[in-house]
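Reader: I have a model open and would like to talk it through with you before I do anything with it. Could you put it up so that we are looking at the same thing?

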Amino acid sequence: MDFEVGEDDLITIDILAIGAACGAMMAIISLVVFITKPLKAFLKAQEIQSEAIRNILRQLIINMTDEILDKDEITREQVYCLRKLNDNYKALEGNSTVDERVKLALRTNKIKGRFVPTAEGGDEK
């Protein structure tokens with residue numbers, strides 16, 4: 001049983017291969033578009049939430065440092081909280097202006113009170 005392949009058969013195979021390749025590429029493009037639209041929306045929402053949290057942290061730090069600097073005294077719990085707030089603020093790419101305020105407030109010499117760390121790993125620095 002000998003098969004002979006003519007030119008017409010090769011043209012038909014090429015067209016089918018091209019059609020299959022085009023179909024596969026369109027499926028991949030559709031999948032990418034289907035995935036990237038929700039992903040872009042998710043990333044935008046994350047960016048908005050991060051900015052909101054950063055703004056809240058900034059305001060908390062400013063309020064706390066204002067109180068500390070006005071009284072010229074700081075409690076051990078304020079030291080702990082101020083450091084934690086500032087660490088989170090910096091992790092969210094907060095600016096150095098707030099960091100300078102924190103450093104200034106932490107230089108306050110009058111430290112009062114006793115801070116007992118929690119079981120969750122709070123520390124006294």
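Author: Let us begin with the core: the largest nonpolar core holds 12 residues in all, namely L57, I61, M64, I68, I74, V79, L82, L85, Y89, V98, V102 and A105. Helices α1, α2 and α3 each supply at least two residues of this core. This is a predicted model, which should be kept in mind for everything that follows.

Reader: Since it's predicted, what is the mean pLDDT of the chain, and which elements have the lowest and the highest values?

Author: The chain has a mean pLDDT of 83, with 79% of its residues at 70 or more. Among the elements, helix α2 (residues 76-91) has the highest mean, 93, while strand β2 (residues 111-112) has the lowest, 75.

Reader: And the overall layout, what pattern does the chain follow?

Author: Along the sequence the pattern reads α-β-α-α-β, from 3 helices and 2 strands. Of the contacts with a separation of 6 or more, 71% are between residues 24 or more positions apart.

Reader: How much of the chain is buried, and how much area does it expose?

Author: The chain has 125 residues, and buried ones make up 18% of them. The exposed area is about 9800 Å², of which carbon and sulfur atoms supply 60%.

Reader: Back to the core, then. What does A105 touch?

Author: A105 sits in helix α3 and is buried, at a relative accessible area of 0%. Not counting residues up to four places away in sequence, A105 touches T65, I68, L69, I74 and L82. For L82, the C-alpha to C-alpha distance from A105 is 9.0 Å, across 23 residues of sequence.

Reader: I68 is on that list as well as in the core, so what does I68 touch?

Author: With residues up to four places away in sequence again left out, I68 touches E73, I74, Q78, L82, A105 and T108.

Reader: T65 isn't a core member by your list, though. Is T65 buried or exposed?

Author: T65 counts as buried, because its relative accessibility is 0% and the cut-off for buried is under 20%. The residue belongs to helix α1 (residues 7-71), and beyond its neighbours within four places in sequence T65 is in contact with L82, R101, V102 and A105. A threonine is not among the residue types that can be counted in a nonpolar core, so T65 is left off that list.

Reader: Turning to α3 itself, which of its residues are buried, and where do they lie around the helix?

Author: The buried residues of α3 are V98, D99, V102 and A105. Viewed down the helix axis, they fall within an arc of 125°, so they line one face of α3. In general, residues three or four places apart in an α-helix point the same way, because there are 3.6 residues a turn. On the face of α3 turned away from the buried side are the exposed residues S96 and T97.

Reader: An aspartate on the buried side catches my eye. What does the side chain of D99 make a polar contact with?

Author: The partner is the side chain of N86, at 2.7 Å. D99 has a relative accessible area of 12%, so it counts as buried, and apart from its neighbours within four places in sequence D99 is in contact with N86 and K90.

Reader: What happens at the start of α3?

Author: There, a side-chain oxygen of N95 comes to within 3.3 Å of the backbone nitrogen of T97.

Reader: Switching to the backbone, what is phi for D72 and for E93?

Author: Both values are positive in residues other than glycine: phi is near 55° for D72 and near 65° for E93. As background, most residues other than glycine have a negative phi. D72 lies in the loop between α1 and β1 (74-75) and is partly exposed, with a relative accessible area of 41%. E93 lies in the loop between α2 and α3 and counts as exposed, at 70% relative accessibility.

Reader: One last thing, how far apart are R76 and I111 in space?

Author: Their C-alpha atoms are 6.5 Å apart, although R76 and I111 are 35 residues apart in sequence. R76 itself is in helix α2 and counts as partly exposed, at 33% relative accessibility.

Terms used:
Residues are numbered from 1 along each chain as its sequence is written. This is a predicted model: local features need pLDDT of at least 70, side-chain atom pairs count only at pLDDT 80 or more; totals for chains, interfaces and linings use all residues. Side-chain values use heavy atoms; hydrogens and water are left out. pLDDT is the predictor's confidence in each residue, from 0 to 100. Helices (H or I, at least four residues) and strands (E, at least two) are DSSP runs, numbered from the N terminus. Buried means under 20% relative accessible area, exposed over 50%, partly exposed in between (1.4 Å probe, protein chains only). A polar contact is a pair of N or O atoms within 3.5 Å; within protein, one must be able to donate a hydrogen and the other to accept it, and residues adjacent in sequence count only if both atoms are side-chain atoms. Contact means heavy atoms within 4.5 Å. A nonpolar core is a set of buried Ala, Val, Leu, Ile, Met, Phe, Trp, Tyr and Cys residues joined through side-chain atoms within 4.5 Å. Accessible areas come from the Shrake-Rupley method with a 1.4 Å probe; for residues, only the protein chains shown count as cover. The arc is that of the directions from the helix axis to the C-beta atoms.
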